There are 2 protein chains.
Amino acid sequence: MSGDDSRADRFSAATEDPLDAAMRRAIAASEQVRGTTSPNPPVGCVILDADGRVVGTGATQPPGGPHAEVVALRAAGARAAGGTAVVTLEPCVHTGRTGPCADALRQAGVARVVHAVADPTARAAGGAAALRAAGIEVRDGLLAEEVSRGPLRAWLHFARTGRPHVTWKYAATLDGRSAAADGTSQWISSADSRAEVHRVRERMDAILVGTGTVAADDPHLTARDAGGELTRRRPLRVVVGDRDIAADARVLDSAAETIRVPGGPPSSVLDALADRGAVDVLLEGGPRLAGAFLEAGCIDRILAYIAPSLLGSGPAALGDAGVASLSQAWRLRIEETTMSGVDLRISAVPTW
Amino acid sequence: MSGDDSRADRFSAATEDPLDAAMRRAIAASEQVRGTTSPNPPVGCVILDADGRVVGTGATQPPGGPHAEVVALRAAGARAAGGTAVVTLEPCVHTGRTGPCADALRQAGVARVVHAVADPTARAAGGAAALRAAGIEVRDGLLAEEVSRGPLRAWLHFARTGRPHVTWKYAATLDGRSAAADGTSQWISSADSRAEVHRVRERMDAILVGTGTVAADDPHLTARDAGGELTRRRPLRVVVGDRDIAADARVLDSAAETIRVPGGPPSSVLDALADRGAVDVLLEGGPRLAGAFLEAGCIDRILAYIAPSLLGSGPAALGDAGVASLSQAWRLRIEETTMSGVDLRISAVPTW
């Protein structure tokens with residue numbers, strides 16, 4: 001270990017609880033696999049040895065592959081004995097395509113398990129009880145808010161409701177318009193924001209638009225890296241609606257799989273996506289589709305890129321959402337605002 | 001001095017340059033008189049004795065009264081000799097209704113003058129040169145950005161352009177609407193934001209609306225304190241346009257003076273206000289008047305209260321501003337975003 005590492009360790013020890021630090025490492029590991037695990041949750045796990053040193057880190061592998069705990073235990077080997085497993089989700093007790101994680105932790109001789117969020121699914125829950133029954137100390141709730149708003153947000157929503165989590169992403173001017181009077185809309189938002197949207201897309205299971213947006217904007221709906229190359233992950237592209245779309249529409253090319261879903265209630269659109277194993281869905285407009293999803297209560301988060309500009313005319317980013325009077329407005333809570341280049345990025349969640 | 005004060009002083013000395021601290025005190029003093037000095041600038045001044053102790057603080061008095069330096073020097077008395085004057089604006093050299101501040105500083109035996117912003121007016125500028133000629137050390141530019149964006153912003157704009165500084169304040173939903181489809185608009189923004197708007201109004205010289213807003217909303221356009229009482233300061237209420245307004249409109253009551261200005265180019269409206277000595281003007285809508293002011297380049301700052309709600313229909317906060325295509329959009333720079341209760345408060349300035 002270099003002198004620098006040693007100083008960094010001392011600093012970290014002085015300023016952050018080692019379990020907090022381990023959970024943050026587990027969260028970071030889970031973020032790496034977001035978009036690759038559905039319908040399983042993107043979980044992260046860190047194994048500390050009996051002296052509190054990190055001896056293994058793991059994250060959920062694609063469906064059929066090992067869970068985070070198993071990956072981390074393999075890395076730790078014999079050093080897990082007497083140690084602590086720090087994991088973002090309560091370890092499972094069910095045998096699916098892989099064995100129960102609670103068993104693996106017991107067999108590895110782990111003395112303590114610390115998890116952030118309890119498993120809400122009937123099939124997999126009970127891990128904490130099984131571990132305690134095996135004489136393992138269990139603590140839950142560590143950085144629970146961070147995990148449940150972060151990497152496990154969509155999966156927890158899906159586990160509780162049976163419906164994919166929908167993030168409505170849009171770009172608009174400060175006065176709420178998504179295009180100018182003549183229809184020009186490229187680009188409302190900054191290059192920084194557009195690059196960020198590609199990073200958001202990459203972690204999604206599916207990207208949803210209506211036929212109207214395909215006709216108007218001919219979007220590609222792919223995730224590209226900073227160099228403009230398609231990312232390894234290729235989220236499913238979903239076009240909703242009954243209108244014909246051009247045979248040479250970019251969304252129909254071979255860059256990623258694309259499916260058509262007939263127009264209908266948003267809940268049935270989401271059911272079709274759930275059947276495809278989609279848990280985390282990005283709704284990318286336009287005003288009509290967003291209005292319909294909002295009215296149906298099918299938007300779980302709003303991610304708005306607000307450009308620092310004013311138009312004064314042109315189509316609004318959001319169309320009719322069934323609101324006639326102010327008292328019926330859809331109320332949100334602003335979770336976070338950050339700058340994205342020159343744009344303002346607002347994350348908000350419904351309060352209904 | 002109590003033990004607590006002594007500790008606070010030591011802490012302050014350890015963490016902030018004494019001149020910075022004095023300038024911040026001068027800024028705070030100037031903020032207290034904003035809205036009471038036009039057409040003169042709201043200036044703050046702090047006198048430090050030869051040992052660097054604060055011995056006098058002052059701010060511009062209403063027109064005809066003494067300037068900030070004179071108020072602060074009076075408080076300091078003989079302790080100013082050999083000391084430092086810290087002042088937000090370059091001391092003036094002209095004799096108006098009061099004597100030149102540069103003379104007063106020289107006569108008080110001040111050894112050094114530190115100011116934030118140079119005086120851009122031909123009549124009053126030259127203070128720094130006169131002080132240096134008298135053997136006084138002069139330093140400028142201390143916290144200049146803070147002062148020129150803050151208490152002296154409107155006056156500096158007026159001094160440079162001859163036109164009052166216009167802040168367009170509006171409240172809208174996240175999707176940019178200022179009312180629901182049925183016209184209901186009370187209240188889009190939160191009680192916290194509405195209370196803050198009263199504090200903003202109190203420091204303005206004039207509050208501007210169009211006859212359309214008077215007809216639609218019957219606003220009172222007064223500044224009230226937390227208890228609902230009218231503040232001591234009563235900014236001028238200005239109704240722009242040729243339409244009749246109801247004889248019992250609230251804006252016509254005796255709570256503050258109200259003037260009518262005929263419809264016409266925004267620049268002529270502002271000329272009429274400049275003739276009344278107004279330097280700092282709040283434009284409170286509606287969409288048509290704001291669009292006209294924006295198109296005429298007569299908006300100098302935008303203060304948006306964005307409510308965490310979505311409507312999907314209803315009138316937009318901003319009407320036609322002469323923009324046909326995206327390349328013609330009015331570009332802004334976001335200066336600051338803060339939460340105002342549950343609302344998001346955005347301060348932005350034009351970049352054109």
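Biologist: Which residues is A:Glu284 in contact with, leaving aside its neighbours within four places in sequence?

Modeller: Keep in mind that this is a predicted model. A:Glu284 is found in the loop between strand 10 (280-283) and helix 11 (287-295) of chain A. Setting aside neighbours within four places in sequence, its contacts are A:Lys169, A:Val197, A:Arg201, A:Ile207, A:Leu208, A:Val209 and A:Leu221.

Biologist: Is A:Glu284 buried or exposed?

Modeller: The cut-off for buried is under 20% relative accessible area. A:Glu284 comes out at 12% relative accessibility, so it counts as buried.

Biologist: At which residues does UniProt place the feature "binding site" that takes in A:Glu284?

Modeller: That comes from an unreviewed UniProt entry. A:Glu284 is one of the positions there, and A:Arg201, one of its contacts in the model, is listed too. The full set reads A:Ser185, A:Arg201, A:Arg224 and A:Glu284.

Biologist: OK, where does A:Arg201 lie, and is it buried or exposed?

Modeller: A:Arg201 lies in helix 8 (residues 191-202) of chain A. Its relative accessible area is 10%, and anything under 20% is called buried. So the verdict for A:Arg201 is buried.

Biologist: Which residues does A:Arg201 touch, not counting residues up to four places away in sequence?

Modeller: A:Glu284 shows up in this list, just as A:Arg201 shows up among the contacts of A:Glu284. Not counting residues up to four places away in sequence, A:Arg201 touches A:Ile207, A:Leu221, A:Thr222, A:Ala223, A:Pro235, A:Leu282 and A:Glu284.

Biologist: UniProt also has a "binding site" annotation covering A:His67, A:Cys92 and A:Cys101. Why do they gather at one spot?

Modeller: This annotation, too, is from an unreviewed entry, and it covers A:His67, A:Cys92 and A:Cys101. They span 35 residues in sequence, yet they gather at one spot because no two of their C-alpha atoms are more than 9.3 Å apart.

Biologist: Where is A:His67, and is it buried or exposed?

Modeller: A:His67 is placed in the loop between strand 2 (54-59) and helix 3 (68-76) of chain A. With a relative accessible area of 17%, A:His67 is buried.

Biologist: And A:Cys92: where does it lie, and what is its relative accessibility?

Modeller: A:Cys92 lies in the loop between strand 3 (84-89) and helix 4 (101-107) of chain A. A:Cys92 counts as buried, at a relative accessibility of 6%.

Biologist: Which residues are buried in helix 11 of chain A?

Modeller: Helix 11 covers residues 287-295 and comes after the loop that holds A:Glu284. The helix is followed by A:Gly297, whose phi is positive, near 70°. Inside the helix, the buried ones are A:Leu289, A:Ala290, A:Gly291, A:Phe293 and A:Leu294.

Biologist: How far apart are the centres of domain 1 and domain 2 of chain A?

Modeller: The domain assignment gives domain 1 (3-156) and domain 2 (163-350). Their contact takes 10 residues from domain 1 and 11 residues from domain 2. Taken over C-alpha atoms, the centres are separated by 33 Å.

Biologist: Where does the second largest cavity lie?

Modeller: About 90 Å³ of space lies in this cavity. It is lined by 14 residues, with A:Gly35, A:Thr37, A:Ser38, A:Pro42 and A:Asp280 nearest its centre. Both domains of chain A give residues to the lining, so the cavity lies between domain 1 (3-156) and domain 2 (163-350).

Biologist: What is the volume of the largest cavity?

Modeller: The count comes to 5 cavities of 30 Å³ or more. The largest is lined by 15 residues, with B:Ser38, B:Pro42, B:Pro151, B:Ala154 and B:Asp280 nearest its centre. Domain 1 and domain 2 of chain B both give residues to the lining, so this cavity lies between them. Its volume is about 110 Å³.

Biologist: Which helix gives the largest share of that lining?

Modeller: By class, the lining divides into 5 nonpolar, 5 polar and 5 charged residues. The largest share is 3 residues, and it comes from helix 7 (residues 153-161) of chain B.

Biologist: B:Arg153 is found in helix 7 of chain B. Is it buried or exposed?

Modeller: Leaving aside neighbours within four places in sequence, B:Arg153 is in contact with B:Val147, B:Ser148, B:His165, B:Arg301, B:Glu335 and B:Val349. Its relative accessible area is 14%, so B:Arg153 is buried.

Terms used. Residues numbered from 1 in each chain as written. Chains lettered and ligands numbered in written order. Predicted model: local features only at pLDDT ≥ 70, side-chain atom pairs only at ≥ 80, totals over all residues. Heavy atoms only, no water. 1 Å grid on protein atoms, 1.4 Å probe; cavity = no way out; pocket = protein on both sides within 12 Å on 5 of 7 lines; lining within 4 Å. Points joined across faces, edges and corners; volume = space filled by probe spheres on them. Helix = DSSP H or I, 4+ residues; strand = E, 2+ residues; numbered from the N terminus. Nonpolar A, V, L, I, M, F, W, Y, C, P; charged D, E, K, R; others polar. Domains from an automatic or database assignment. UniProt positions renumbered as here; feature names shortened; annotations may be inferred. Buried < 20%, exposed > 50% of the residue type's maximum accessible area, 1.4 Å probe, protein only. Contact = heavy atoms within 4.5 Å.
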